[in-house]
Amino acid sequence: MLKTRIIPCLDVKDGRVVKGINFVDLIDAGDPIEVAKIYDRSGADELCFLDITASHEKRPILLDVVRKTAEQCFMPLTVGGGVRSVSDIQVLLSSGADKVSINTAAVDDPNLIYEASSIFGSQCIVVAIDAKLVSENNWEIFTHGGRTSTGINAVEFAKKVTSLGAGEILLTSMDKDGTKSGYDNDLLKAVSEEVSIPVIASGGVGKIEDLIDGVRIGGASAVLAASIFHFGEISIQDTKVAMSKAGISVRL
Amino acid sequence: MKNISIAVVDYDCGNIHSATKAIELAMIESNEKGSVNLTKDPEEIIKSDKIVLPGVGAFESCIKKLTGIDGLKEALDEAVLVKAKPILGICIGLQLMATSGFEGGKHSGLNWIEGDVIPLEPNDKKLKVPHMGWNNIDAKKNHPVFNDIKSSDYYFVHSYKFSPLDKETIISSTNYGEDFASSLGKDNILGTQFHPEKSQAAGVNLLKNFIEWSP
């Protein structure tokens with residue numbers, strides 16, 4: 001049986017992890033490679049790197065981090081931030097990323113999804129959707145880190161990128177992100193019921209129950225979280241045990 | 001003890017560095033000593049003791065890339081079919097061993113294990129394709145490469161499956177709305193639909209067994 005994936009997400013800026021990471025046995029909490037190794041050992045099912053500076057000038061630092069992480073972590077690695085072209089994807093994949101997450105560029109030019117999945121295969125093309133509730137049951141996509149409204153309906157866009165060849169959707173609720181009040185399960189459900197590809201829940205996790213709800217209510221195939229894992233508030237293993245007790249199949 | 005050489009076939013299909021690194025780690029943990037070489041040189045491949053054919057991507061583009069490298073297909077055929085060197089295909093590397101692949105039209109494969117690569121079609125419509133994530137394998141027969149591995153969960157990411165003509169080639173199956181072959185093999189040939197190089201301890205253990213395997 002396929003297991004629900006638990007995915008810690010690291011925000012990387014200039015090659016360093018930002019937002020606090022607070023592990024007891026971590027020598028350098030800002031070193032993404034050290035953090036990745038700890039997650040590898042603690043049984044994380046995948047890892048996600050988000051390059052929040054995301055500019056071409058800074059890309060070489062990220063590539064170096066990706067390369068070193070891939071050398072030491074034997075789990076799938078998704079990398080995102082500022083990916084705009086087939087050549088951006090090519091470079092990240094050849095540096096050791098298993099999947100590349102595309103956000104703004106997918107909205108600007110949905111054909112990039114078709115092109116990229118034709119060349120590299122759907123399995124490595126993740127479309128990251130940042131959505132905000134604008135009216136009842138209507139979520140709109142925002143790009144450029146949430147600053148630009150697009151007028152595009154998130155559910156319709158998710159269906160569109162699926163048909164263009166996306167392999168997975170990383171769905172972040174901008175209303176919930178940072179609130180620690182749980183995922184937007186209505187949004188998750190609306191998207192996961194409409195697309196045939198896996199949906200990763202993101203934005204809003206404050207406790208283990210939120211992860212369980214994302215799967216049970218939201219229908220997510222995978223759950224992503226940042227701060228609750230980084231601060232050591234909740235361990236990956238405790239999360240998995242709790243999810244398993246709740247009847248969700250996980251890799252223990 | 002003789003040093004063994006393992007050739008990881010570099011044909012520009014996906015994340016071959018991960019495979020190389022995982023095999024290097026497995027080598028350190030194994031009873032063997034030797035080298036792991038990422039190469040597309042036909043001569044080096046024929047001379048090596050063992051071969052790993054990794055890969056991520058679509059059947060069509062991967063078979064085209066492989067056959068597009070001068071002498072590579074001939075060297076692989078010679079090494080695997082004539083010299084009977086142990087080979088491990090991973091994901092698309094396994095799928096390329098089939099007679100034909102049907103991703104992006106019908107394309108000829110290496111035809112080492114007779115069969116077709118066809119779409120996964122889980123009969124539960126709620127199941128997503130690609131089949132992505134950790135799933136367990138059920139052994140269909142004993143194979144030394146699967147000995148003494150604690151976990152049966154491995155990382156999968158694929159939308160197509162290998163459907164062999166001879167079901168005896170199935171070493172393990174996995175359920176995802178249907179049972180499909182998650183590893184196949186015959187004689188010196190072995191392939192996994194999952195990614196041992198992404199499957200943490202279980203995967204490294206499997207690679208270690210492959211290094212120590214003498215079919």
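**Notebook: pockets, a cavity and two helix pairs**

I started with the lining of the largest pocket, where E3(A) gives the most, with three residues. Worth noting early on: this is a predicted model.

**Entry 1, the largest pocket.** I looked up the volume, and the largest pocket comes to about 970 Å³. I found 42 residues along its lining, and the closest to its centre are Asp11(A), Leu50(A), Ile52(A), Asp130(A) and Asp177(A). Then I checked which elements supply at least two residues each of that lining: in chain A, the strands are E1 (5-13), E3 (47-51), E5 (99-102), E6 (125-135), E9 (168-173) and E11 (222-225), and the helices are H4 (104-108) and H9 (227-230). I sorted the lining by class and got 16 nonpolar, 19 polar and seven charged residues.

**Entry 2, the second largest pocket.** I put this one at about 750 Å³ of space. It has 30 lining residues, and I see both chains at its middle: Gly219(A), Ala220(A), Ser221(A), Lys126(B) and Leu127(B) are the closest to the centre. Its lining splits into 12 nonpolar, 10 polar and eight charged residues.

**Entry 3, the cavity.** How many cavities of 30 Å³ or more does a search of the whole structure find? I got one. The largest cavity holds about 40 Å³ of space. I listed its lining as Ile7(A), Glu46(A), Cys48(A), Thr78(A), Val126(A), Leu170(A), Ile200(A) and Leu224(A). By class, that lining is six nonpolar, one polar and one charged.

**Entry 4, H3 against H5.** Next I turned to helix packing in chain A. Helix H3 (residues 86-94) of chain A packs on helix H5 (residues 111-120) of chain A at an angle of about 40 degrees, and I get 10 Å between their axes. H3(A) and H5(A) are therefore oblique to each other, since an angle from 35 up to 65 degrees is neither roughly parallel nor roughly perpendicular. The crossing of H3(A) past H5(A) is right-handed. Which residues meet here? From H3(A) I noted Val86(A), Ile89(A), Gln90(A) and Leu93(A), and from H5(A) Leu112(A), Glu115(A), Ala116(A), Ile119(A) and Phe120(A). I count seven nonpolar, one polar and one charged residues in this contact between H3(A) and H5(A).

**Entry 5, H8 against H10.** I looked up a second pair, helix H8 (residues 208-216) of chain A and helix H10 (residues 236-245) of chain A, which pack at about 50 degrees with axes 10 Å apart. That angle makes H8(A) oblique to H10(A). H8(A) and H10(A) also cross in a right-handed way. On the H8(A) side I wrote down Ile208(A), Leu211(A), Ile212(A) and Val215(A); the H10(A) side brings Asp238(A), Thr239(A), Ala242(A) and Met243(A). For the contact of H8(A) with H10(A), the classes are six nonpolar, one polar and one charged.

**Entry 6, backbone oddments.** Is the peptide bond between Val129(B) and Pro130(B) cis or trans? I found it cis, with omega at about 5 degrees. Pro130(B) sits in the loop between strand E7 (115-119) and strand E8 (131-136) of chain B. Back in chain A, I noted that Asp14(A) is not a glycine, yet has a positive phi of about 50 degrees. I located Asp14(A) in the loop between E1 and strand E2 (16-18) of chain A.

Conventions. Residues numbered from 1 in each chain as written. Chains lettered and ligands numbered in written order. Predicted model: local features only at pLDDT ≥ 70, side-chain atom pairs only at ≥ 80, totals over all residues. Heavy atoms only, no water. Axes fitted to C-alpha atoms, helices over the stretch in contact; angles between N-to-C directions. Parallel < 35°, antiparallel > 145°, perpendicular 65-115°, else oblique. Left-handed = near helix turned anticlockwise from the far one by under 90°. Contact = heavy atoms within 4.5 Å. Nonpolar A, V, L, I, M, F, W, Y, C, P; charged D, E, K, R; others polar. 1 Å grid on protein atoms, 1.4 Å probe; cavity = no way out; pocket = protein on both sides within 12 Å on 5 of 7 lines; lining within 4 Å. Points joined across faces, edges and corners; volume = space filled by probe spheres on them.
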